[in-house]
Amino acid sequence: MSDATPPAIVTARPASVLLAIGVMAVLFVVAPLVGFYPAFLMKALCFALFACAFNLLIGFGGLLSFGHAMFLGSAGYVCAHAAKEWGWPPEAAILAGTVAAIGLGLVAGVLAIRRQGIYFAMITLALAQMVYFFCLQAPFTHGEDGIQSVPRGKLFGLLDLSNTLVLYYVVLAIFLAAFLLIYRTVNSPFGNVLKAIRENEPRAISLGYDVDRYKLLAFVLSAGLAGLAGATKAIVFQLASLTDVHWSMSGEVVLMTLLGGLGTIFGPVVGAFVIIGLENYLAAFGQWVTVITGAIFVVCVLAFRRGIVGEITAWWVRRAR
């Protein structure tokens, strides 16, 4: 085991993690009932899912993608177009966006996984820029205006998503289902192989594992979950825009993951809520928000090498000993 292995992955007990997931779920259920704005919570949950999807790839697979925004943004466009132009119900539109992200992830993964390190990262960035310019020029995306006034409709013909509280709990259910899927994946035999590839790829190859196939599966799964976040976000805010497919969004998800704790289960969630909270409550500072966020990130990287959750976990383990 390398020194870079996040302590939460090594020492966390399944019972403790499941208890923590239950506590997190309860907190999210009661949050809008005790004064937190549902719109803020829904935005944070969408980005938390996006960060968890990214963390699945880099934190457990060791693959750094600089182009993950292409899955978030492209799924949002497909979902918005299906809901507005084709009149699809929200569940079908979200599924369409997710499937589109999976297909894009498959193509991008086949092209990228045969390279490692910075070469892999730069290929994903180049592909993301191609998707960005496609979204800028394609007629159905409406260029810089994006797809606006996306109808929310009724989920399964029963739940009216125009009700903010109903919409919030639907978003929460999607997030929790995806979060549990990620947790189950990283603690499965497939997840153990991913960790082995991250730690020592030549050794994994010598043991007979088809490394490229495992990395491709992880990449596609991560892309699909990122697409689920983007499609859900398009329904929540009734908008699909170039912001979600821009390269800066790929940088933002890296920031969220590193700040919360790379390779930890809860780190991306914490990082997403911290970043979205800063952007929300520091909005009065205008463009200075980026500078303030960057300064906080630098301080956290220097002071908390493992991220917020990673450092807390390491402290708890030392204390328990």
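Which helix does Ser-74 lie in? In this predicted model, Ser-74 sits in helix 4, the stretch that covers residues 69–84. The residue is tucked away rather than out in the open: its relative accessible area is 12%, and because that value is under the 20% cut-off, Ser-74 counts as buried. Its side chain isn't left without a polar partner, either. A polar atom of the Ser-74 side chain lies 2.5 Å from the backbone oxygen of Met-70. Once the neighbours within four places in sequence are set aside, Ser-74 is also in contact with Leu-104 and Val-245.

Next comes the nonpolar interior. The largest nonpolar core is made up of 92 residues. Phe-28, Phe-175, Phe-179 and Val-269 are the ones with the most contacts inside that core. As for the helices, helix 3 (residues 38–58) is the top contributor, giving 17 residues to this core. Val-269 makes a handy spot for a look around: not counting residues up to four places away in sequence, Val-269 touches Met-24, Phe-28, Ala-48, Cys-52, Phe-175 and Phe-179. So three of the names met above turn up again here, since Val-269 touches Phe-28, Phe-175 and Phe-179. Another core lies apart from the largest one. That second core has 8 residues, including Val-193, Leu-194, Ile-197 and Ala-218.Moving along the chain, helix 12 (residues 267–281) packs with helix 13 (residues 288–303). The angle between the two is about 145°, and their axes are 10 Å apart. The crossing of this pair is right-handed. On the helix 12 side, Ile-275, Leu-278 and Glu-279 take part, and they meet Val-289, Thr-293 and Ile-296 of helix 13. Sorted by type, the residues of this contact come out as 4 nonpolar, 1 polar and 1 charged.

Last up is Glu-311, which belongs to helix 14 (residues 307–320). Is this residue buried or exposed? Glu-311 is buried, as its relative accessible area is 17%. With the neighbours within four places in sequence left out, Glu-311 is in contact with Phe-304, Arg-305 and Arg-306. A residue from another part of the chain can be located relative to Glu-311 as well: Gly-260 is 51 residues away along the chain, and the C-alpha atoms of Glu-311 and Gly-260 are separated by 9.5 Å.

How values were computed. Residues are numbered from 1 along each chain as its sequence is written. This is a predicted model: local features need pLDDT of at least 70, side-chain atom pairs count only at pLDDT 80 or more; totals for chains, interfaces and linings use all residues. Side-chain values use heavy atoms; hydrogens and water are left out. A nonpolar core is a set of buried Ala, Val, Leu, Ile, Met, Phe, Trp, Tyr and Cys residues joined through side-chain atoms within 4.5 Å. Buried means under 20% relative accessible area, exposed over 50%, partly exposed in between (1.4 Å probe, protein chains only). Helices (H or I, at least four residues) and strands (E, at least two) are DSSP runs, numbered from the N terminus. Contact means heavy atoms within 4.5 Å. Axes are lines fitted to C-alpha atoms, for helices over the stretch in contact, and angles run from 0 to 180 degrees between N-to-C directions. A crossing is left-handed if the near helix is turned anticlockwise from the far one by less than a right angle, and right-handed if clockwise. Ala, Val, Leu, Ile, Met, Phe, Trp, Tyr, Cys and Pro count as nonpolar, Asp, Glu, Lys and Arg as charged, and the others, Gly among them, as polar. A polar contact is a pair of N or O atoms within 3.5 Å; within protein, one must be able to donate a hydrogen and the other to accept it, and residues adjacent in sequence count only if both atoms are side-chain atoms.
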